[in-house]
Amino acid sequence: MQTLLKTPIGRLRLIGYIEGLSLLVLLFIAVPLKYAAGDPSLSKIMGPLHGALFLLFIFNTLSVGVEQQWKFRQTTYKVMLACIIPFGTFYIDRKILSKI
């Protein structure tokens, strides 16, 4: 965990991981609680939190892309696209970010 916080790419990977986990919690815990149990409280928390993490991931991706001089179509675009696809942050972490 400490090594993830020391580099910009490490921080991006950590944000991607947390963003992916927030989606898992939202989809598999908060939404079922809202509709099956009639308790929307967790959805009211996780929805905005996931949205904020999504935006943080996008802005951090652009920042790291500029700082690391990534070619937009080769790397930056793929990393940004990954957070739009459900669970794409986990995939892109393994395929691109862990190798940089």
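Here a visitor asks how the descriptions of this predicted model are reached, and a guide answers.

Visitor: What makes up the secondary structure of the protein?
Guide: Welcome! The protein has five helices and zero strands. Read from the N terminus, the order of elements is α-α-α-α-α. As for extent, the C-alpha atoms fill a box of roughly 50 × 30 × 20 Å along the principal axes.

Visitor: Why is serine 22 called buried?
Guide: Serine 22 has a relative accessible area of 5%, and buried means under 20%, so serine 22 counts as buried. This residue lies in helix H2. Leaving aside residues up to four places away in sequence, serine 22 touches Met46, His50 and Leu53. Across the protein, buried residues make up 35% of the 100 residues.

Visitor: And why is tyrosine 35 called exposed?
Guide: The word exposed is kept for values over 50%. Tyrosine 35 has a relative accessible area of 64%, so it is exposed. Like serine 22, tyrosine 35 has its place in helix H2. Its C-alpha atom is separated by 16 Å from that of leucine 24, and the two residues are 11 apart along the chain.

Visitor: What makes isoleucine 85 partly exposed?
Guide: Its relative accessible area is 47%. Partly exposed covers what lies between under 20% and over 50%, so isoleucine 85 belongs there. You can find isoleucine 85 in the loop between H4 and H5.

Visitor: How do you know that the buried residues of H4 are on the same side?
Guide: Let's look at which ones they are: Thr75, Thr76, Val79, Met80 and Ala82 are buried in helix H4, which spans residues 72-82. They cover an arc of only 165° around the axis, and therefore sit on the same side of H4. On the other side, Arg73 and Gln74 are exposed. There is a general pattern to keep in mind here: an α-helix has 3.6 residues a turn, so residues three or four places apart point the same way.

Visitor: What covers the buried residues of H4?
Guide: The cover includes helix H2 (8-36), helix H3 (41-67) and helix H5 (88-95). Valine 79 is a good one to follow: it touches Leu12, Phe57, Thr61, Trp70, Ile92, Ile96 and Leu97, not counting residues up to four places away in sequence.

Visitor: Which residues of the largest nonpolar core touch the most other members?
Guide: Among its 14 residues, those are Leu12, Phe57, Trp70, Val79, Ile92 and Leu97. H2, H3 and H4 each supply at least two residues of this core. In soluble globular proteins, nonpolar side chains tend to be buried together.

Visitor: What makes up the nonpolar patch on the surface?
Guide: Leu55, Phe59, Leu62, Phe72, Tyr77, Leu81, Ile84 and Ile85 form the patch, with about 790 Å² of accessible area together. Members of a patch need over 30% relative accessible area, and isoleucine 85, at 47%, meets that condition. H3 and H4 each supply at least two residues of the patch. The protein exposes about 6500 Å², and carbon and sulfur atoms supply 66% of that area.

Visitor: Why is the meeting of arginine 13 and aspartate 93 called a salt bridge?
Guide: Their side chains meet at 2.4 Å, N to O. The cut-off is within 4 Å, so the pair qualifies. Arginine 13 lies in helix H2 and aspartate 93 in helix H5, so the pair ties together parts that are 80 residues apart in sequence. Arginine 13 is partly exposed, with a relative accessible area of 26%. A search of the whole structure finds one salt bridge.

Visitor: What is notable about the phi of glutamine 69?
Guide: Glutamine 69 has a positive phi of about 55° although it is not a glycine. Most residues other than glycine have a negative phi. Glutamine 69 is in the loop between H3 and H4, and with a relative accessible area of 69% it is exposed.

Visitor: Where does phenylalanine 87 lie?
Guide: Phenylalanine 87 lies in the loop between H4 and H5. Its phi is positive too, near 65°. With a relative accessible area of 28%, phenylalanine 87 is partly exposed.

Note on methods:
Residues are numbered from 1 along each chain as its sequence is written. This is a predicted model: local features need pLDDT of at least 70, side-chain atom pairs count only at pLDDT 80 or more; totals for chains, interfaces and linings use all residues. Side-chain values use heavy atoms; hydrogens and water are left out. Buried means under 20% relative accessible area, exposed over 50%, partly exposed in between (1.4 Å probe, protein chains only). Helices (H or I, at least four residues) and strands (E, at least two) are DSSP runs, numbered from the N terminus. The arc is that of the directions from the helix axis to the C-beta atoms. Contact means heavy atoms within 4.5 Å. Patches are made of residues with over 30% relative accessible area and no salt bridge: like charges are joined within 9 Å, nonpolar side chains (Val, Leu, Ile, Met, Phe, Trp, Tyr) within 5 Å. Accessible areas come from the Shrake-Rupley method with a 1.4 Å probe; for residues, only the protein chains shown count as cover. A nonpolar core is a set of buried Ala, Val, Leu, Ile, Met, Phe, Trp, Tyr and Cys residues joined through side-chain atoms within 4.5 Å.
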